[in-house]
Amino acid sequence: MKGVNYQRLNNRKKHFCNLQNVKLTLLILIPSLTLCVLFLGSSFSFNTHNFDPLNVNYTLINKLEPPLSQKNLIFIGDVHGSYDELLMLINKINYDPLKDHLIFVGDLIAKGPKSTEVVQLIRSLGASCVRGNHDDKVLQFKNILDFLDSQKIPLDEFIKKHDISKDIVNSEHGLLAKELDMELYNFLLSCPIILDIPEYDLYVVHAGLLPDVPLFEQDPSDIMTMRNIMKNGKPTSQKDEGHAWSKYWNAAQEKSSSPKTVIYGHDAARGLKIKPYSFGLDSRCVHGGELSALIWNDREIISVKCKNYVD
Ligand SMILES: [Mn+2]
């Protein structure tokens with residue numbers, strides 16, 4: 001009887017050992033399989049369902065460093081496709097590619113007549129830039145068109161699914177997106193939201209910055225659109241709510257031990273706006289105003305008259 005019992009015990013032990021092996025194998029297999037499925041699933045869905053073509057890539061901050069930052073820096077306001085005026089301005093400032101470096105405050109395109117020519121010229125001059133709200137709209141549209149093209153999805157189907165107005169296809173930004181070739185698209189895409197120039201404690205943005213929020217925590221869309229800061233401390237693109245963001249920025253820098261100056265555009269209504277720690281360069285060129293350049297070393301403004309392309 002004992003022998004039988006022992007045998008049973010041994011069998012049970014064997015059985016137990018086998019069970020442990022199976023459990024161990026499962027313990028290793030299940031997580032690995034789950035990981036595999038998750039990985040395959042995510043790479044699959046990235047190409048199809050989860051990919052959000054409405055979210056175009058951006059670089060939040062780029063640094064302008066030597067030797068470029070040691071050149072004579074010249075900042076230029078919102079061009080908005082005013083190609084002829086840009087050529088005139090480049091001529092008027094006696095631009096010398098060996099000595100000068102041009103930096104654009106965004107909104108290179110839209111509204112004016114020759115957007116693609118402007119991007120082509122700025123790219124060929126090796127200039128720096130930041131992204132404006134109009135540049136961003138066109139980049140988003142181009143991103144959608146390329147995505148649909150690569151996935152063979154008809155535009156109509158996409159518009160329906162995402163509840164986008166059909167007008168956008170034939171909007172100015174939609175048409176510009178179709179005009180942009182990959183080279184120009186990639187150039188516009190490379191313009192960061194913030195250009196940091198440590199050499200002079202300068203930030204270049206299209207619209208504005210909040211004085212009390214670290215750069216990495218600020219919303220790129222606000223940086224490209226803000227005009228004012230409201231009573232609750234939030235930024236707004238509205239002209240009649242709160243006060244100019246630059247007012248708060250300057251007040252904060254005056255108290256700071258390491259003040260920073262912002263060079264920006266976007267606010268055509270306020271026009272050329274020079275304060276100790278902020279330089280607003282949108283002088284309404286595309287509305288028949290002027291296109292302005294700021295020669296940083298001399299703090300000198302040079303402008304040319306523009307045709308009215310919009311009103
Ligand atoms: Mn703008």
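These exercises with worked solutions walk through a predicted model of a protein chain.

The model is predicted: local features need pLDDT of at least 70, side-chain atom pairs count only at pLDDT 80 or more, and totals for chains, interfaces and linings use all residues. Residues are numbered from 1 along each chain as its sequence is written.

**Exercise 1. State how many helices and strands the chain has, and what share of its residues is buried.**

Solution. Begin with the terms. Helices (H or I, at least four residues) and strands (E, at least two) are DSSP runs, numbered from the N terminus. The chain has nine helices and 14 strands. Next, burial. A residue is buried if 20 or more other C-beta atoms, placed from the backbone, lie within 10 Å of its own. Of the 311 residues in the chain, 34% are buried.

**Exercise 2. Describe how helices α4 and α6 pack.**

Solution. Locate them: α4 covers residues 133–151, and α6 covers residues 172–179. Take the axes, which are lines fitted to C-alpha atoms over the stretch in contact, with angles from 0 to 180 degrees between N-to-C directions. The angle is about 60 degrees, and the axes lie 8 Å apart. That makes α4 oblique to α6. (Angles under 35 degrees count as roughly parallel, over 145 as roughly antiparallel, 65 to 115 as roughly perpendicular and the rest as oblique.) The crossing of α4 and α6 is right-handed, meaning that the near helix is turned clockwise from the far one by less than a right angle.

**Exercise 3. Trace the pairing of strand β13 with β2 and β14.**

Solution. Two strands pair if DSSP finds at least two bridges between them. β13 spans residues 290–295 and pairs with β2 (residues 72–76) in the antiparallel sense over three bridges. Here I74 has I295 as its bridge partner. Now turn to β14 (residues 300–305): six bridges join β13 to β14, again antiparallel. L291 has V304 as its bridge partner in β14. Finally, the link: β13 and β14 form a hairpin with four residues between them. In the turn, R299 has a positive phi of about 50 degrees.

**Exercise 4. Find the strands at the edges of the sheet β8-β7-β9.**

Solution. Read the order: the three strands form an open, antiparallel sheet, β8-β7-β9. β8 (235–236) and β9 (243–244) each have a single partner strand, so they stand at the edges, with one side of each left without a neighbour in the sheet. Check one pair: β7 (residues 228–229) joins β9 over two bridges. Within that pair, N228 stands opposite A244 in β9.

Methods: A residue is buried if 20 or more other C-beta atoms lie within 10 Å of its own, exposed if 12 or fewer, and partly exposed in between; C-beta atoms are placed from the backbone.
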